[in-house]
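Please look at the structure shown below and follow it step by step, moving from a single side chain to a helix and then to a residue elsewhere in the chain.

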Amino acid sequence: MMSDIQDKLSRLTPAQRAQLLEKIKAQRGADVPAETAPAANNHGMDFSLIFFSGDGGTDSEHKYDLLLECTRFADSHGFSAVITPERHFQPVGGLFPNPSVLNAALAMITKNIQLRAGSVVLPLHNPLRVAEEWSLVDNLSQGRAAISCATGWHPADFLINPEGYEDRRATMLDNIALIRQLWRGEPVQRRDIAGNTVEVKILPRPIQKELPMFLTSSGNPDTWLKAGELGMHVLCSLTNHTLAELKTNITAYRDARAQHGYSPESGIVSVMVHTFVGEQDDAVKKQVREPLRGFLNGYINQNDTLNPYKDRQQTVRHAIDNDREALLTYAFEKHFNQTSLMGSPEKCARMVEKLQEAGANEIACLVDFGLSAETVLAGLQPLAALKAQFARQAVNG
């Protein structure tokens with residue numbers, strides 16, 4: 001009986017788990033004030049899969065097979081979400097130009113898992129269109145859609161809307177408010193082709209009353225505060241934070257949620273880390289070294305793509321080319337030793353505990369960084385075992 005309960009709890013999304021906790025508190029008559037609410041890391045750790053392949057330029061006819069197989073596995077093994085990005089016209093991330101189209105397909109092969117964009121670059125798009133598309137995904141998935149919202153940063157993405165680049169932060173925040181309004185069924189005003197002001201609502205109507213929304217943070221403390229103020233969740237990367245910085249930002253974020261009337265512990269902080277769980281640290285390190293170095297090299301090469309600051313770009317490029325080998329070696333060692341879930345189950349468990357202590361409550365496991373499909377799929381079973389270990393901790397703790 002207890003194992004059945006644990007299994008059911010492990011399959012809950014973070015939002016569902018938070019709702020269950022609130023119901024239990026209400027039934028017990030517990031009224032826990034914000035300042036004494038339990039920290040999020042007392043509730044264990046959720047695991048999701050996130051994708052950001054560097055193979056956007058491949059000619060393979062099976063570009064999405066790994067994503068589909070990983071998604072099927074995650075859906076049947078209690079992972080909280082599958083997260084897909086939005087990138088345009090470049091190899092790194094270029095397999096994912098439209099997360100709503102992709103997640104409409106994933107809705108057809110899944111039953112349980114949240115389908116989350118990580119992220120929608122809001123300044124590129126009409127917010128009416130974003131709300132419509134994700135309402136469609138919400139219907140196809142029976143209420144499993146979610147999005148993380150980003151300003152965008154790479155000039156290649158803004159070929160779609162060059163005018164949106166300079167004011168992209170303000171545009172993103174305005175669009176968040178409009179999408180929430182439309183999702184709730186409230187009309188917004190727009191001008192038609194004759195210049196008349198008309199009210200418009202989105203169709204189809206979504207299943208969820210509120211669209212789960214994350215704010216994507218690259219490390220700016222103001223982004224964390226804004227996410228708390230708006231009652232949004234946060235998607236971030238450990239590569240942009242030290243653990244100490246992450247803890248500081250998470251604390252500030254949960255304080256901001258409380259100050260603006262939102263439950264601090266209900267906020268999801270999802271931290272992206274490169275992931276491959278194997279049997280022994282040394283064997284895993286050898287296995288991931290060249291694929292990860294190749295992925296990191298591709299990421300560095302993004303500086304070559306349509307950079308508008310040519311003088312600065314040439315200076316950066318010269319420095320990188322002169323020290324590329326040393327830079328890649330440093331980046332690999334740092335990733336493997338300090339900012340990843342790569343290695344033995346024991347090493348990876350220690351990293352999960354560090355992220356818990358920092359206040360995170362979801363790990364977004366980046367699995368498509370260059371390993372063969374067979375190797376990635378083989379690594380999902382030990383990753384699921386690691387997830388189960390921390391799900392049990394949440395139940396028993």
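With which side chain does the side chain of Ser-48 make a polar contact? In this predicted model, the partner is the side chain of Glu-362, at 3.4 Å. Ser-48 itself lies in strand β1, which covers residues 46-50, and because its relative accessibility is 0%, where buried means under 20%, Ser-48 counts as buried. Leaving aside residues up to four places away in sequence, Ser-48 touches a set of residues that includes Phe-79, Ser-80, Ala-81 and Ile-83, as well as Ser-270 and Ile-363.

We can turn next to helix α7, made of residues 221-230, where Thr-223, Trp-224, Ala-227 and Gly-228 are buried. These residues cover an arc of only 140° around the axis, and therefore they lie on the same side of α7. Such a pattern can be understood from helix geometry, because an α-helix has 3.6 residues a turn, so residues three or four places apart point the same way. Among the elements that cover the buried residues of α7 are the helices α6 (168-183) and α8 (243-259), together with the strands β7 (213-217) and β8 (233-237). At the start of α7, a side-chain oxygen of Asn-220 reaches to within 2.9 Å of the backbone nitrogen of Asp-222, while the residue that follows the helix, Gly-231, has a positive phi, near 70°.

Finally, is Glu-374, a residue of helix α13 (residues 373-396), buried or exposed? Glu-374 counts as exposed, because its relative accessibility is 60%. Although Glu-374 and Leu-66 are 308 residues apart in sequence, their C-alpha atoms are 8.7 Å apart in space.

Conventions
Residues are numbered from 1 along each chain as its sequence is written. This is a predicted model: local features need pLDDT of at least 70, side-chain atom pairs count only at pLDDT 80 or more; totals for chains, interfaces and linings use all residues. Side-chain values use heavy atoms; hydrogens and water are left out. Buried means under 20% relative accessible area, exposed over 50%, partly exposed in between (1.4 Å probe, protein chains only). Helices (H or I, at least four residues) and strands (E, at least two) are DSSP runs, numbered from the N terminus. A polar contact is a pair of N or O atoms within 3.5 Å; within protein, one must be able to donate a hydrogen and the other to accept it, and residues adjacent in sequence count only if both atoms are side-chain atoms. Contact means heavy atoms within 4.5 Å. The arc is that of the directions from the helix axis to the C-beta atoms.
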